[in-house]
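Biologist: Thanks for sitting down with me. Could we go through this model together, with the reasoning behind each label?

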Amino acid sequence: MKFLNKIIHELLTQNPDLSAFNIVLPGKRPIVFIRQILEENNYSGFLPNFFTVEELINSIADQQPVQGIPLWLFSFDVYRSLNLIPKDDFSDFLKWFPILQKDWDDILKFSESDIAVLQYMFDEERIKEWAQNLGDEDGDVPRKKFLNFWQNMNVFLPVLKEKLRERNLATSGMIHETAKEKIHEFAKNTSEHFVFCGFNAFTPVEEKLVRSLLKWNKGQCFFQADKYYFDDERQEAGKFLRNHKTWKEFDDNRAFHWIEDDFNQPKKIKVYEVSGNVTQTKVLPEIFKEINNKTYSNTAVVLLDENLLPASLDVMHGVDNLNITMGFPLKNLSFSNAVKRLFYLQKQLEKNKLSYYYRDVFPILEELPKSAEDELIISNFRTKVEERNIVYISKKLLNELLGDLSYFNLLQKAENTGVYLDVLIAFCQEVKWLEIDDIQYENISHFENAFRIIKNQLTPYNIEIRMDTLEILINQHINSESIDFQGEPLRGLQIMGLLETRLLNFENVILLSVNEGKLPLGNSQNTYIPFDIRRFFDLHTFLENDGIYAYHFYRLIQDAKNVHLLYNALSSGVNTGEKSRFITQIEMESSHEIEHLIIENSSEPIVSKPIEISKTQIVQERLLKWKEKVSASHLTSYLYNPIDFYLSKILNTSETDEIEEELSVKNYGNLVHYTLQEVYEIIKGKVLKESDLKDLIKAIDQYIDIAIEKLKHQPEFYEKGMNYIHKAIAKKVIENVLTHDLELVQQGNKLEIIDIERKFENIDFYLGENDKISFLGFIDRIDKLNGTLRIIDYKTAKIKNLNVKIDEDNVEEYFHNSDRKQALQLCIYHYVVQHLPEFWGFPIETGIWSFADARKGMVSLQFDKGDINDAMKSVKSLVLEILNPDINFVENVKSY
């Protein structure tokens, strides 16, 4: 730590007892390194006092800082007492006040008078309104609203300041304003000596403090500047330091310390153009190989995007000592997500008090920590809901299935936000006793603390907090909080954000996400004050912020010997894929040779080889078992994809139930199928009359309801949206089937329903003398039309390839084609019916009745060449292929 070493040696030459000094730092991170330096120098005296500049300003102002939720509640109480128009409730107030408060703090810190800026903003808006009628009461005009806003702020903010002062409370801007008046007396009367280390940009109050202490010889300043950016007027990194050099306090008796020439020393700089954000972390192991010191004690990985921390840690599993000096965002953890979902659920329950949308409940149950007993209850709940395809779960059913859940009260509609906060606090207390990991424990503890703060802060105020307002408060907390890691700060690899690098120097520096928009942040300020007005009143703009970022960047790399700069070259979302302009500056202006590397996404492309399963001894034994019960659908499954056949028929696996918000093709077919089954069951075994069919057409709705019950669906599933349309289409299809039969009867045909869903089994089909399979299955409908037995299979799909052309050349492989699976199924049904004694002697016709064209009726299977015996030879060939131990099950990869 070159800069810190230099400061300590300088101070020791001035006074061997460092307790005489108060060292003021930009942040607390360097303190541990200062202590290490003192230990290495065998320093045995008392340590100096350490302050951040904020702590020093606060002690001078002697006011109680207030921020966040307590400040918002107090400010809203003041705002509503003024009866300003519009009369925003707390929820609306939170939409604009946090941004305004930051602007107000900026005004108080950087301008001479906040009243002058507020009045200027109001006057500015009045000038813009000049050409319009200011007396117009139309409050919906955006400019009028903005004018009213600044008019209100000229009343509200001065009153807020006065009320805060009455309680000795202050925002950070007010603390600066108070400190400004006391600095002269403080500097004159203090007996302490202050040492300011490593500062770059000061607020006016901070600058006044430093200069006053210098003037009274009670302070000294050590800057870390470099000729590279200090001497070049165009370099924004040296903008503030060049200004500090002009202070009159730096004269012949007090030099400006220190301007060095480190940046131009030899360095290896590598720039990596990486395809992908997370892909940057995959490059780290390769960079580590180049570092000779495998303890990485002089190496820093700087993450300009905090979201890369988990992925970075994942690739650093081989590094023994890690020190993480950056917080992990609370918003990225599962418990935080669950809390967000809980509040969303509460808001939904305010809109719909009768039922729960399953997508609102499932993620909460998945993400909240739970005991083994809760796991069982949740598993049973999911199974029941998925089985019955319940999209909207009634309160009664939820209570039945989840009533014993330890945190069931979290899922119920809360009486009010106060009660719900109590429930959340109690839940956090209980869940910490479960076996959860340390990060989750910290996450829950943060929330418990936040809930308590909100509960306690709300008590003095008579403010109605709705659930959506409470959600905003919690989200503000989630987005601003982070979990701090603990590690060994003096050993191993350092992982940090850019601001944590202040005052520290490393030999090896690796920066990730060196993209424009990340470094510098650019014009991304949330502010109500326009750029020109900020410039006029010397408030910081994005240009000053860019200068601050530029300094941090150049200062970090000026002492490094090996610099690795990685940026994401892919454009996605807000990321433009553009490298930081600081990289371009170094390329264009510095004397260093820069090595450029292009890193494509290192993940190998997936080679899609078809799955292949060999017919092992166990598989062959399963196939022997399968021969006892073979259905036509088994063979069509094999034709479609042999691997599907293997998984479902040999391994006996099944697809998991998934909730359908829109009726699937499969269940649409089942709805029509089950309804027809119920309809024709009534008239089975009799010759049909016109009156029978007309009565059935009138009663279709009640049969559809029975089919819905068989599907285990809720009736309300079909009450609206696409499912209402699907049900209406299903009804039309059933009507068309019945109407077709009615027209046949009206034309004088004799139609008799013989059987519905006719089950058959143990129908032997011989493959050889002593080798056979047995068919089983269901025939959807068997009827008799004018003496001809009709075997009908219902299909949702359109009819395809029912004209069979089998001859000697193609008899073996004719049905080895998935396009002919409908004909294959009908041939098996034909063969089965031939072997049922009750149907011997009847002429047989087989066919498909497609729901896609239900008015057409049954379309028959036609043999243009060959007959049923030839067809069964082809079926035999297909079965023998399935049984052949030398032919593997190979996946049929569909091309789209």
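Biologist: How do you know that strand β8 and strand β17 pair, and in which sense do they do so?

Modeller: This is a predicted model, and pairing is read from its bridges. Two strands pair if there are at least two bridges between them. Strand β8 (residues 268-274) and strand β17 (residues 562-568) have seven bridges, in the parallel sense, so they count as paired by that cut-off. To find your way along the two strands, start at V271, whose bridge partner in β17 is L565.

Biologist: What packs on the sheet there, touching β8 and β17?

Modeller: Helix α23 (residues 581-589) does, and it touches β18 as well. The direction of α23 makes about 140° with that of β18.

Biologist: In what order do the strands of that open sheet come?

Modeller: There are seven, in the order β10-β15-β9-β16-β17-β8-β18, with parallel pairing.

Biologist: And what makes β10 and β18 edge strands?

Modeller: Each of them, β10 (322-325) and β18 (594-599), pairs on one side only. Neighbouring strands of this sheet are turned by 15° against each other on average, direction ignored.

Biologist: Let's move to the five-strand sheet. What is its strand order?

Modeller: The order is β2-β1-β5-β6-β7, again an open sheet, and the pairing is parallel.

Biologist: Why is one side of β2 and of β7 left without a neighbour in the sheet?

Modeller: β2 (49-52) and β7 (257-260) stand at the edges and have a single partner strand each, so nothing in the sheet flanks their other side. The twist from one strand to the next averages 20°.

Biologist: How do you know that β1 and β5 belong side by side?

Modeller: Four bridges join β1 (residues 21-25) to β5 (residues 193-197), and the two run parallel. The cut-off is at least two bridges, so this counts as a pair. Within it, N22 stands opposite F194 of β5. Helix α1 (residues 2-14) lies across β1, β5, β6 (219-226) and β7, running at about 150° to β6.

Biologist: Why are α3 and α8 called roughly perpendicular?

Modeller: The axes of helix α3 (residues 53-61) and helix α8 (residues 172-189) cross at roughly 80°. Angles from 65 to 115 degrees count as roughly perpendicular, and the pair therefore earns that name. Their axes also come within 8 Å.

Biologist: Which residues make that contact?

Modeller: From α3 they are L56, I57, N58, I60 and A61, and from α8 they are I175, H176, T178, A179, K182 and F186. By class, that gives seven nonpolar, three polar and one charged residues.

Biologist: How do you know that the length of helix α30 agrees with what its residues should span?

Modeller: Helix α30 (residues 721-746) has 26 residues, which at 1.5 Å a residue should span 38 Å. Its end C-alpha atoms lie 37 Å apart, so the two values agree. Just after α30, G748 takes a positive phi of about 95°.

Biologist: What makes the phi of N217 worth pointing out?

Modeller: The value is near 55°, which is positive, and N217 is not a glycine. N217 sits in the loop between α9 (204-215) and β6.

Biologist: Which peptide bonds have you marked as cis?

Modeller: One runs from I85 to P86, with omega near 10°; P86 is in the loop between α4 (68-81) and α5 (90-110). Another runs from L519 to P520, with omega near -5°, and P520 lies in the loop between β16 (508-512) and α21 (531-536).

Biologist: How far apart are I548 and A237 in sequence and in space?

Modeller: They are 311 residues apart in sequence and 6.6 Å apart in space, C-alpha to C-alpha. I548 belongs to helix α22 (residues 542-558). Leaving aside neighbours within four places in sequence, I548 is in contact with N200, A201, F240 and H540.

Biologist: Lastly, how is the protein chain divided into domains?

Modeller: Domain 1 covers 67-170, domain 2 covers 268-326 + 492-599, domain 3 covers 331-484 and domain 4 covers 617-890. The C-alpha centres of domain 2 and domain 4 lie 65 Å apart.

Technical notes
Residues numbered from 1 in each chain as written. Predicted model: local features only at pLDDT ≥ 70, side-chain atom pairs only at ≥ 80, totals over all residues. Heavy atoms only, no water. Axes fitted to C-alpha atoms, helices over the stretch in contact; angles between N-to-C directions. Contact = heavy atoms within 4.5 Å. Expected span 1.5 Å × (residues − 1). Domains from an automatic or database assignment. Parallel < 35°, antiparallel > 145°, perpendicular 65-115°, else oblique. Nonpolar A, V, L, I, M, F, W, Y, C, P; charged D, E, K, R; others polar.
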